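Morning, everyone. I have one structure for you today, and I'll take it piece by piece.

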Amino acid sequence: MGYGIHKGEALVRVATETKTIMSSRKKYKINPETLLYEIDKVSAKSRFLDFLFKSLGMIAMCFVYFWLYTSVFGLELPKTTILKKQNAEWVSRLEVLGKEMEQCESTLAGLQMRDDQIYRNIFGMNEISPEVRNAGFGGVNRYSYLDVMGPNSLLLRTTMRQDILTKKTYVQSKSFDEISAISKRAGDMASCIPAISPFLTDDSKYTLTSPFGYRSDPITGSSKMHTGFDFACPPGNPVYATGDGVIESVKFELFGYGNSVVIDHGFGYKTRYAHMKSIYVAEGMSIKRGECLGESGNSGRVTGPHLHYEVMYRDEYVNPENYMDLTMPKEEYAEMVKKAAQQSSKVLTPHTRVKMPN
Ligand SMILES: [Zn+2]
């Protein structure tokens with residue numbers, strides 16, 4: 001043996017080293033000069049590159065696996081499945097909500113129609129205009145927080161629809177409040193609506209000179225709507241309230257209506273008494289049918305002394321002839337005036353009565 005060791009020793013050594021190699025994770029290589037196994041020393045750079053390539057390989061494997069799972073086999077990740085389920089549930093809820101709102105809208109539309117055509121009509125109240133009923137919410141974009149959902153998303157549409165429904169319900173609710181308040185006075189309706197002549201029904205005291213409607217203007221001669229009814233008489237004839245109400249305005253004008261009184265009778269009715277000589281009432285005063293408002297005269301734009309009497313219903317002029325009974329016996333009228341004067345002393349404070357020079 002030219003290597004200076006016995007064959008037996010070499011075998012034992014090889015066997016021992018092989019055992020050592022088998023039981024170790026370290027890498028070994030044979031040194032061709034000594035014929036011995038030596039630890040294969042790997043540089044840190046090589047180990048790092050090895051680690052890096054293996055890691056990249058694993059990441060690539062993950063991507064391939066994900067691609068095969070989702071795109072090739074059409075499978076979903078568990079998280080995606082849960083989110084999709086939750087999304088479908090929310091869409092179903094919104095659709096159910098939409099159907100419920102549809103029913104509410106239908107019921108509300110019926111209420112609005114009855115409100116305008118029956119309830120408000122009964123009490124002489126104007127209909128609520130569609131502009132008011134359908135008014136939206138102005139100002140800043142209150143739905144900006146939903147922009148992320150898209151301009152036509154189900155959630156945005158549902159939210160807007162719900163807001164409109166809320167607004168319409170609020171308007172309707174306020175209307176019912178008004179009706180409720182006025183209906184408590186429904187028993188007073190008969191005494192409030194203008195129903196008598198503003199003058200004592202003694203036709204020796206006045207002359208009916210100009211009815212309601214188009215006529216030739218007594219000053220300019222052109223055709224013009226005459227919005228009232230004229231009772232010609234010498235100044236100083238007592239003028240009486242034709243229905244219960246509240247004095248809305250008392251005006252003293254050089255032109256136009258001259259000295260005039262407007263009474264708000266409620267239930268949509270108002271009356272105006274113009275060209276008066278003197279006025280005994282003040283704004284805000286409660287007034288009873290048959291109470292004296294003042295004296296007729298010739299103030300304002302007139303060609304002669306007369307009382308110009310107007311009836312307005314829901315802010316429109318109507319023919320006073322349809323609202324006064326000129327055939328009422330003068331004794332009955334006088335009795336009514338007497339009673340009204342007796343009640344007046346209880347209700348009205350004398351110092352609030354003002355007599356203005358004509
Ligand atoms: Zn007139």
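I'll start with confidence, then go through the helices, the strands and the cores.

First, a caution. This is a predicted model. The protein chain averages a pLDDT of 85. At least 70 is reached by 88% of the residues. The weak spot is residues 346-352, where the pLDDT is below 50. Beyond near neighbours in sequence, that stretch has four contacts in the model. Where pLDDT is low, the predicted coordinates should not be read in detail. Please keep that in mind when you scroll to that stretch.

Now the overall picture. The protein chain has seven helices and 14 strands. It has 358 residues, and 20% of them count as buried. Take the contacts with a separation of 6 or more: 67% of them join residues 24 or more positions apart.

Helices next. Look at α2, residues 44-72. Helix α2 has 29 residues. From first C-alpha to last, α2 reaches 40 Å, close to the 42 Å expected at 1.5 Å a residue. How many of its residues are buried? Zero, so to speak a bare helix: α2 is hardly covered. After α2 comes Gly74, with a positive phi near 65°.

Compare that with α5, residues 154-183. Helix α5 has 30 residues and reaches 43 Å, close to the expected 44 Å. Which residues of α5 are buried? They are Lys168, Ser175 and Ile182. The cover over them includes α3 (78-122), α4 (130-133) and β9 (259-266).

Stay on α5 for one more residue. Ile179 sits in this helix. Is Ile179 buried or partly exposed? The count decides: there are 17 C-beta neighbours inside 10 Å, and buried takes 20 or more. So Ile179 counts as partly exposed. Set aside neighbours within four places in sequence, and Ile179 is in contact with Tyr119, Arg120 and Phe123. Met125 is 54 residues away from Ile179 in sequence, yet the two C-alpha atoms are 8.6 Å apart.

On to the strands. The one to watch is β10, residues 269-279. Of its 11 residues, 10 are buried, so β10 is largely enclosed by the rest of the structure.

Who pairs with β10? Take the partners in turn.

Start with β9. Strands β9 and β10 run antiparallel, joined by six bridges. They form a hairpin with two residues between them. In the turn, Phe267 has a positive phi of about 55°. Gly266 has Tyr269 in β10 as its bridge partner.

Next, β13, residues 306-313. Strand β13 pairs with β10 over six bridges, also in the antiparallel sense. Here Arg272 is bridged to Glu310 in β13.

Then β12, residues 292-296. Strand β12 and β10 are antiparallel too, over three bridges. Ile279 stands opposite Gly294 in β12.

One stop in β8, residues 245-252, where we find Gly245. Gly245 has 26 C-beta neighbours inside 10 Å, so it counts as buried. Leaving aside neighbours within four places in sequence, Gly245 is in contact with Cys192, Ile263, Asp264, His265, Gly266 and Ile287. Gly245 and Lys288 are 43 residues apart along the chain, and their C-alpha atoms are separated by 6.5 Å.

Last topic: the cores. In soluble globular proteins, nonpolar side chains tend to be buried together. Here the largest nonpolar core has 26 residues. Which members touch the most others? They are Val239, Ile247, Val261, Tyr273, Ile279, Val281 and Leu293. At least two residues each come from β6 (229-232), β7 (238-240), β8, β9, β10 and β13. Which strand gives the most? That is β10, with four residues.

Zoom in on Tyr273. Not counting residues up to four places away in sequence, Tyr273 touches Pro198, Val239, Ser260, Val261, Leu293, Leu307 and Tyr309. Apart from this core lies another, of five residues, including Val311, Met312, Tyr323 and Met324.

To wrap up, keep two elements in mind. Helix α2 is hardly covered. Strand β10 is largely enclosed.

How values were computed: Residues numbered from 1 in each chain as written. Predicted model: local features only at pLDDT ≥ 70, side-chain atom pairs only at ≥ 80, totals over all residues. pLDDT = per-residue confidence, 0-100. Contact = placed C-beta atoms within 7 Å. Expected span 1.5 Å × (residues − 1). Buried ≥ 20, exposed ≤ 12 C-beta atoms within 10 Å, placed from the backbone. Pairing = 2+ DSSP bridges. Core = buried A, V, L, I, M, F, W, Y, C linked by C-beta atoms within 7 Å.
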